[in-house]
Amino acid sequence: MTVLSTRPTGRPAARPLRAASSLRAPGLDWLLMLAALALVVLGTLLVWSATSTRADLTGGDPNAYLRKQLVNVAIGLVLMVAVLATDHRWVRILAPLAYLASVGGLVMVLVAGSTINGSRSWIQLGGMSIQPAEFAKLAVVIGMALVVAERTERRWGRRVGSLEVVVMLVIAAVPAALILLQPDLGTMLVLSATVFGVLAVAGAGRLWLAGLSVGAVGGAVAAVSLGVLKPYQVDRFLAFTNPGLDPRGAGYNTEQARIAVGNGGLFGQGLFDGSQTRSGFVPEQHTDFIFTVAGEELGLVGAGVLILLVAVVIWRALVISAQAGDLFGRVAAAGIACWWGFQAFQNIGMCLGIMPVTGVPLPFVSYGGSSLFAGMLALGLLQNIHLRSAGPLGR
């Protein structure tokens with residue numbers, strides 16, 4: 001007589017379910033990939049435009065920064081593919097090493113770093129400048145995600161307790177202290193917002209989140225009162241509250257940035273044709289103030305497209321977080337979204353005069369190897385998490 005039931009008994013029965021889950025796993029998040037690459041291409045063009053007429057930067061070669069940025073993009077793509085192709089288990093194994101490497105880099109900066117624009121944040125490696133603080137953002141995210149995952153995954157359903165929160169804060173505090181010593185106020189603000197977002201997504205209690213918010217305000221007041229911030233940093237905040245206070249000093253950057261953006265109108269003056277950009281009136285226009293090039297030369301429409309692309313990248317990161325098949329992936333993806341989201345808001349906001357000037361790059365757009373490398377590593381990690389997710393939660 002033929003046996004109708006074909007379902008095996010015992011432990012092997014679970015194996016087909018695992019295989020089926022693997023078959024349902026999504027491929028690359030192409031919307032995220034295309035939006036990020038579009039930002040990289042647009043950023044490269046804007047960097048080229050911002051530097052092509054600046055002989056003081058290029059040494060008379062209008063294509064100098066274009067070539068440099070293309071090299072940065074190529075290296076960034078290699079890093080992204082390397083992380084994307086790495087087995088998910090190895091990502092978690094290497095996370096502590098990445099964290100230690102970032103802390104080591106921050107220590108090296110304080111010992112033998114170069115001072116640029118009042119901040120000792122750079123290490124010179126041959127002809128390339130490396131800013132370890134950019135990599136520290138990603139290292140803190142994956143370090144905190146690893147802690148909460150290791151402590152709770154084995155006891156599924158257990159809430160994140162005070163011990164986990166304290167350990168996560170210690171992980172963030174070490175690089176944060178080193179960054180504050182540089183001092184790099186912009187990176188410190190981005191890191192603080194990122195840490196807060198990671199804790200919120202990880203499930204930290206409301207009392208912890210409220211306490212950290214109050215502590216952050218108190219710490220800022222104490223930093224100003226005790227002279228931790230340098231005078232030029234305090235002047236930038238004063239200029240933010242009153243842009244007309246020192247239009248030729250601390251308020252100069254904001255004033256010129258707003259003029260450049262306002263010159264663009266609806267459709268802009270045309271790529272490579274911005275009057276403020278070609279005249280070099282906006283300081284650091286190829287890095288911190290890259291958005292002003294988009295505003296002046298591409299207008300409201302072009303700048304709006306840039307903001308839309310940034311929003312798509314952040315949205316897809318949040319979707320990947322919601323669909324992650326494990327707690328590490330969920331927290332790491334959400335942390336990356338918080339990092340990119342706040343940094344983009346801070347960068348664009350200071351160009352529009354709604355945020356103080358703190359000197360942070362626009363993710364995937366501003367010139368610079370360190371920022372782009374860290375962003376592409378994070379992009380590869382997001383795709384890695386997405387590739388190994390079983391699908392939307394609840395399936």
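Leaving aside its neighbours within four places in sequence, which residues is N72 in contact with? In this predicted model, the partners of N72 are M128, Y367, G368, G369, L372 and F373. N72 itself sits in helix α4, which covers residues 64-85. Its relative accessibility is 6%, so N72 counts as buried. One of the partners, L372, falls within helix α15, whose residues are 369-387.

Step back to the whole chain. It holds 15 helices and three strands. Of its 395 residues, 48% count as buried. Contacts reach far along the sequence. Take those between residues at least 6 apart: 74% of them join residues at least 24 apart. The chain exposes about 18400 Å². Carbon and sulfur atoms supply 68% of that area.

Return now to helix α15 and its packing against α14. Two packed helices are described by the angle between their axes and the distance between the axes. For α14 and α15, the angle is about 145 degrees. Their axes lie 10 Å apart. The crossing of α14 past α15 is left-handed. On the α14 side, the residues that meet α15 are G329, A332, A333, I336, W339, W340 and Q343. On the α15 side, they are S371, A374, G375, A378, L379, L381, L382 and I385.

The loop between these two helices has a feature of its own. F364 is placed there, between α14 and α15. Its phi is positive, about 70 degrees, although F364 is not a glycine. F364 has 5% relative accessibility and therefore counts as buried.

A second positive phi occurs at E284, again in a residue other than glycine. Here phi is near 50 degrees. E284 is in the loop between α12 (275-279) and α13. Is E284 buried or partly exposed? It counts as partly exposed, because its relative accessibility is 31%.

Another backbone feature lies in the loop between α7 (162-181) and α8 (185-202), where P183 is found. The peptide bond that joins Q182 and P183 is cis. Its omega is about -10 degrees.

Next come the charged pairs. The count of salt bridges comes to five. Among them is the pair of R316 and D29, with the closest N and O atoms 2.9 Å apart. This pair links distant parts of the chain, 287 residues apart. R316 belongs to helix α13, residues 290-323. D29 is in the loop between α1 (14-24) and α2 (30-51). Both ends are buried. R316 counts as buried because its relative accessibility is 14%. D29 counts as buried too, because its value is 4%.

R92 and D326 form another salt bridge, with 3.4 Å between the closest N and O atoms. R92 lies in helix α5, and D326 lies in the loop between α13 and α14 (327-352), so the bridge ties together parts that are 234 residues apart in sequence. How accessible is each partner? R92 has 15% relative accessibility and therefore counts as buried. D326 also has 15%, so D326 counts as buried.

The pair of D56 and R54 has partners set in opposite surroundings. Their side chains meet in a salt bridge at 2.8 Å, N to O. Which of the two terms, buried or exposed, applies to D56? D56 is exposed, because its relative accessible area is 59%. R54 counts as buried, because its relative accessibility is 17%.

Finish on the outside of helix α5. This helix, residues 88-112, contains L94. It also contains R92, the partner of D326 described above. L94 has 38% relative accessibility, so L94 counts as partly exposed. L94 helps to make a nonpolar surface patch. The other members are W90, I93, L97 and L100. Together the five residues make a patch of about 530 Å².

Notes
Residues are numbered from 1 along each chain as its sequence is written. This is a predicted model: local features need pLDDT of at least 70, side-chain atom pairs count only at pLDDT 80 or more; totals for chains, interfaces and linings use all residues. Side-chain values use heavy atoms; hydrogens and water are left out. Patches are made of residues with over 30% relative accessible area and no salt bridge: like charges are joined within 9 Å, nonpolar side chains (Val, Leu, Ile, Met, Phe, Trp, Tyr) within 5 Å. Accessible areas come from the Shrake-Rupley method with a 1.4 Å probe; for residues, only the protein chains shown count as cover. A salt bridge is a side-chain nitrogen of Lys or Arg within 4 Å of a carboxyl oxygen of Asp or Glu. Helices (H or I, at least four residues) and strands (E, at least two) are DSSP runs, numbered from the N terminus. Buried means under 20% relative accessible area, exposed over 50%, partly exposed in between (1.4 Å probe, protein chains only). Axes are lines fitted to C-alpha atoms, for helices over the stretch in contact, and angles run from 0 to 180 degrees between N-to-C directions. A crossing is left-handed if the near helix is turned anticlockwise from the far one by less than a right angle, and right-handed if clockwise. Contact means heavy atoms within 4.5 Å.
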